[in-house]
Each structure stands twice: as C-alpha cells, then as structure tokens.
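Here is a friendly walk through one protein model, with the strands, cores, cysteines and rings taken in turn. Keep the structure open beside the text as you read.

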Amino acid sequence: MHGSFYGWYLKCQSDTQTLAVIPAVHSAGRKRTCSIQIITDNDAWTVTFPIDVFQRTKKNIFIGENRFGEKGIRLAIHTPQMNIRGKLDFGLLCPLKYDIMGPFAFVPFMECRHSVWSMHHSVRGNVYINGQKYSFHNGWGYWEGDRGRSFPKEYIWTQCCFSSGSLMLSVADIPMAGIHFTGVIGAVLWQGKEYRMATYLGARVVQIQNKMVRVIQGSLELEVRLLEAAERPLKAPAKGDMVRTIHESASCRVFYRFRKKNRTLFAFETDKASLEFEYP
C-alpha cells in the first residue's frame, strides 16, 4: 500500500493518572514500519518496530508481544530508553449508534477517516513505565482510530470522560476534489442520550480563536475552551510517513459547555481533558 497509515488511540484515566497508547502501522513508498506511542501526563515516547511483528485481526492489533483490542491492552516494551510492562482490562464498550463519519465513510480518496470504537468503558489493571506505576482500579477509557494518508493540515481534537457522560469533537480542514472546507464530527453522551454533531447533519463552526472553538447545529451548541495546556510531542502521518510532529495534551484544563435550545445541559471545567489544537 502506497503512502498510508492505520492506527488506534486508546486512552485510560484514573482520578490521578492518564495513559494514552497509540499502536499504528504506516507505509511510505517501499518503507513499511509500525510503532507504539505512549503519552502520559508528564511525558511521551515513540517506539518503532519492524513491519513483520505487526498483525491486525478484526478485534485486535498485535505488535510483537503487545496486544490491543476490545478486551484491553497488554504492554511489553524493552528498549535502552524505556521499559514498559503491564495489562489493562476493559469493561463493556460503549460504541456510537452509527459510524462517526456518516455518509463520508463512503466517499473515496479522503485524506483521513476517523472511527470511534468506544466513548466510555471501565479500565482495570496496572502498567509500569520505567519503574513508575500507573494504576487503574476504577478507571475509565476511550478508544478511537484513524486511517488514510495524512492527518489534516489544521485541526482541533478534544475528548473527555466525565461523571454523567463523555464527549469528543474534531474540527478539521478537509481537502476534497480541489476545494477545502471545515469539517466537523462530534458526539456527546449525556445522561444516557447520544447527541451527534457533524457537517453531514448541518453542524458549522462559528468561532475558532484564542484556543477556543464553538460549533452550532440547529438548536445544539458546543463550546470548547482550552484554559491550560500540557503539551507533549507526538508523531503524525504525512503521506503515510511518520515525519510530522503534533502536540497533544493528554490531560489538561479545559472548559466545556453544551447547550440545547438556549438551555445549558452542562458547563464545567476539568483538568482531565485531552486536546490537540493544530490551528495557528
């Protein structure tokens, strides 16, 4: 496959710790490799592996001794720079009612396609990273994926699990058939109900400035405001090659407000939000 990537993003959080793991496979020209990226509240690592240790089934990704899937994560990475081992078990997954891409899932030649495998699930277990213990006993998790050629040139992505639900929002510059438009995909789970916000449902961005984005769709309005970042560098694909550096805050301070028919359903500030703000 020429110039492509496929990867999952699995985030696990407790009241005090955050661990996100990104297994991926990527090809650029004749070069094919796979990688595992690890991001915590305070650090980030990228470990590259030869392609022959990568295997993907319908429900799991295997990279060497490492396994990722609907049952959980098993980590065993030993390099001169890092030593990671541990096992995390997932509870019942909470998928969306239908593909987050909607009808865009069937459009050919898109630069990047997004998937959401679980908006919220329980996490139990321990992971040791260079001797530091990451413990999840009443933890919660989120699981998404991306595939295509490149990440969008400009985009905003955020995700947060909270006491009464979970949310994710992605706003990106989308090139298609020689034109560019600002695309929106987002989902809010709130008190057992799923709200979908997306370009294909009429969502539009009414404000992007000063690390804030506001999206409106009919009577729905979602506002995201970054208050304090905690950025760590991550590798991202450009035409399949992992040469772009992006900056993610796996756990940072963000304000969210969700409104329907001018009534505020929730508004809160949290230091457990994940966010990437790749707009100038």
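The report below starts with the sheet and ends with the aromatic rings.

## The eleven-stranded sheet

Please bear in mind that this is a predicted model. Its eleven-stranded sheet is open, and the pairing is antiparallel. If you trace the strands across it, the order is β4-β3-β2-β1-β11-β10-β9-β8-β7-β6-β5. The edges are formed by β4 (44-50) and β5 (54-56), each of which has a pairing partner on one side only. On average, neighbouring strands here are turned by 20 degrees against each other, direction ignored.

A good place to look inside this sheet is the pairing of β1 (residues 4-13) with β11 (residues 132-148). These two strands are antiparallel and share nine bridges. To find the register, start at Y9, which stands opposite E144 in β11. As background, strands of a sheet pair through backbone hydrogen bonds, either parallel or antiparallel.

## A hairpin further along

Strands β19 (residues 232-238) and β20 (residues 241-260) also run antiparallel, joined by six bridges. Here P233 is the residue standing opposite H247 in β20. The two strands make a hairpin with two residues between them. In that turn, K239 has a positive phi of about 55 degrees.

## Two nonpolar cores

Which residues have the most contacts inside the largest nonpolar core? They are I100, V116, M119, Y142, F151 and M168, in a core of 32 residues. V116 gives a view of the surroundings: leaving aside neighbours within four places in sequence, V116 is in contact with L96, I100, Y142, W143, E144 and M168. E144 is thus a contact of V116 as well as the residue opposite Y9.

There is also a second, separate core, with 30 residues. Among them are L19, C34, F49 and V123. In soluble globular proteins, nonpolar side chains tend to be buried together.

## The cysteines

How many disulfides does the structure hold? The count is zero. C34 is in no disulfide, and the nearest cysteine sulfur to it, that of C112, is 19 Å away. C112 is likewise in no disulfide, with the sulfur of C34 as the nearest cysteine sulfur, 19 Å away. For reference, the cut-off for a disulfide is sulfur atoms within 2.5 Å.

Are these two cysteines buried or exposed? C34 has 0% relative accessibility and so counts as buried. C112 is buried too, with a relative accessible area of 16%, because buried means under 20%.

## Aromatic rings

The model has 17 aromatic pairs. In one of them, Y9 and W157, the ring centres are 5.2 Å apart and the planes meet at 75 degrees, so this pair is edge-to-face. Y9 belongs to strand β1 and W157 to strand β12 (residues 155-162), so the pair ties together parts that are 148 residues apart in sequence. Both Y9 and W157 are buried.

Another pair is Y256 with F268, whose ring centres are 5.6 Å apart and whose planes are at 45 degrees, so the pair is tilted. Y256 lies in strand β20 and F268 in strand β21 (residues 263-278), twelve residues apart. Y256 and F268 are buried as well. Both also belong to a cluster that ring pairs build from F162, W190, Y195, Y256, F258, F266 and F268.

Technical notes. Residues are numbered from 1 along each chain as its sequence is written. This is a predicted model: local features need pLDDT of at least 70, side-chain atom pairs count only at pLDDT 80 or more; totals for chains, interfaces and linings use all residues. Side-chain values use heavy atoms; hydrogens and water are left out. Two strands pair if DSSP finds at least two bridges between them. Helices (H or I, at least four residues) and strands (E, at least two) are DSSP runs, numbered from the N terminus. Axes are lines fitted to C-alpha atoms, for helices over the stretch in contact, and angles run from 0 to 180 degrees between N-to-C directions. A nonpolar core is a set of buried Ala, Val, Leu, Ile, Met, Phe, Trp, Tyr and Cys residues joined through side-chain atoms within 4.5 Å. Buried means under 20% relative accessible area, exposed over 50%, partly exposed in between (1.4 Å probe, protein chains only). Contact means heavy atoms within 4.5 Å. Rings of Phe, Tyr and Trp (its six-membered ring) pair if their centres lie within 6.5 Å; planes under 30 degrees apart count as stacked, over 60 as edge-to-face and the rest as tilted.
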